[in-house]
Amino acid sequence: MRVLLIGANGYLGRFVADRLLADPAVQLTALGRGDDADVRFDLATGSPGALTRFLDAVHPGVVVNCAGATRGGARELTRHNTVAVATVCEALRRSGCGARLVQIGCSSEYGPSQPGSSTAEDAVPRPGGPYGVSKLAATELVLGSGLDAVVLRVFSPAGPGTPAGSPLGRLAEAMRRAMQSGDGELKLGGLGAQRDFIDVRDVARAVHAASLSAAQGVINIGSGRAVRIRDAAAVLARVAGYGGALHELDGPPGPLRAPIGHPRPESDHAAPVAYPYPDGCGSWQQADVRTARDRLGWRPRINLEESLADIWMEAACRI
């Protein structure tokens, strides 16, 4: 099976590439903006015609799109998350390769949900910020394209390689700094939010399964269990051997008080957002993952403690 992987050098893409390369039946080609991609191409600025010519030459059976942006203003997010996907869909429609498309979506497309509930794929999306809006628009483009396509709505990814600007990445970095300075108190905001964390390696397994399946539409990829970020912080402290006190701060976030919620603004002095949680998802998110089980034969395997241990191992190397 020839697979074209877009965004192989990103956080999710690296693990998807490793998973696909471990399958001897897969012949992988990486397309991206970096010098280490097999083929250099910028989806946000490149034309569908140019991508079509490449697809006709390589003739993949599956195209996996892990590319996108999590940070930036509405214009940048739209360019990298929506316009880029429009380019992929149009190129696939024009191409004679007939490839299946596996698009990586995100839980921010759903927006806030009722505490205690599990969000299923038929929930009405109400994204609470520009990132979720840009990803939802991409999902709608894929679903309306007429292609053989599936969108995996990934909830909160965790594990090795977690970016420093992500919720758990920022938490680990704050703890590392506290331990390095001998600070017996760690003060952070946003610890009351509850999120459904899923290990990035389990996400890669889901992408592999989706590539081989005939499933279409939207499929949630999560653990099926919401965890309070304060509780994740306690597990991380135990893994790290941090014995200090953890305090949650009230009031507007500052440079070291930014909420553990979603990618950090480019500047600590950026204007405050209008919604109470930076990822636009409110105080609670939990995935209903029955569709992934039934249609992909997929279940999460890696628990949050293992994911946090791997996050801390990387953070500790910077001490």
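User: Why are helices α5 and α9 called oblique to each other?
Analyst: Their axes cross at roughly 50°. Angles under 35 degrees count as roughly parallel, over 145 as roughly antiparallel, 65 to 115 as roughly perpendicular, and the rest as oblique. The crossing of α5 and α9 is therefore oblique. By the way, this is a predicted model, where local features need pLDDT of at least 70 and side-chain atom pairs count only at pLDDT 80 or more, while totals for chains, interfaces and linings use all residues. Residues are numbered from 1 along each chain as its sequence is written, and side-chain values use heavy atoms, with hydrogens and water left out.

User: What makes up the contact between α5 and α9?
Analyst: On the α5 side you'll find Leu168, Ala172, Met175, Arg176 and Met179, and on the α9 side Leu304, Leu308, Ile311, Trp312 and Ala315. Contact here means heavy atoms within 4.5 Å. These residues split into nine nonpolar, no polar and one charged. For that sorting, Ala, Val, Leu, Ile, Met, Phe, Trp, Tyr, Cys and Pro are nonpolar, Asp, Glu, Lys and Arg are charged, and the others, Gly among them, are polar.

User: Why are α5 and α7 oblique to each other?
Analyst: Helix α5 (residues 167-181) and helix α7 (residues 229-240) pack at about 45°, with axes 11 Å apart. The axes are lines fitted to C-alpha atoms, for helices over the stretch in contact, and angles run from 0 to 180 degrees between N-to-C directions. Put that angle through the cut-offs and α5 and α7 are therefore oblique. What about their contact? Leu168, Leu171, Ala172, Met175 and Met179 of α5 meet Ile229, Ala232, Ala233, Leu236, Ala237 and Ala240 of α7. Sort those residues and you get 11 nonpolar, no polar and no charged.

User: And why do α3 and α4 count as roughly parallel?
Analyst: Helix α3 (residues 74-94) and helix α4 (residues 130-143) have axes that come within 9 Å and cross at roughly 10°. That value falls under 35 degrees, so α3 and α4 are roughly parallel. Among the residues in this contact are Leu77 and Val85 of α3, with Tyr131 and Leu141 of α4. The full set divides into 11 nonpolar, four polar and one charged.

User: How do you know whether Arg153 is buried or exposed?
Analyst: Check its relative accessibility, which is 2%. Buried means under 20% relative accessible area, exposed means over 50%, and partly exposed is in between (1.4 Å probe, protein chains only). So Arg153 counts as buried. Arg153 lies in strand β6 (residues 149-154). Helices (H or I, at least four residues) and strands (E, at least two) are DSSP runs, numbered from the N terminus.

User: What makes the Arg153 and Glu109 pair a polar contact?
Analyst: The distance between their side chains is 2.8 Å. A polar contact is a pair of N or O atoms within 3.5 Å; within protein, one must be able to donate a hydrogen and the other to accept it, and residues adjacent in sequence count only if both atoms are side-chain atoms. The Arg153 and Glu109 pair fits that limit. The side chains of Arg153 and Tyr110 are joined by another polar contact, of 3.3 Å.

User: Which label does Ile219 get, buried or exposed?
Analyst: Ile219 has a relative accessible area of 0%, so it is buried. Ile219 sits in strand β11 (residues 217-221). Not counting residues up to four places away in sequence, Ile219 touches several residues, including Val151, Arg153 and Arg295. The C-alpha atoms of Ile219 and Arg295 are 8.7 Å apart, although 76 residues separate them along the chain.

User: Which label fits Gly297, and which fits His59?
Analyst: Gly297 has 61% relative accessibility, so it counts as exposed. Gly297 is in the loop between α8 (290-296) and α9 (304-316). His59 has a relative accessible area of 44%, so it is partly exposed. You'll find His59 in the loop between α2 (48-58) and β4.

User: What makes Ser145 buried?
Analyst: Its 8% relative accessibility does, so it counts as buried, even though Ser145 lies in the loop between α4 and β6. A polar atom of the Ser145 side chain lies 3.2 Å from the backbone nitrogen of Leu147.
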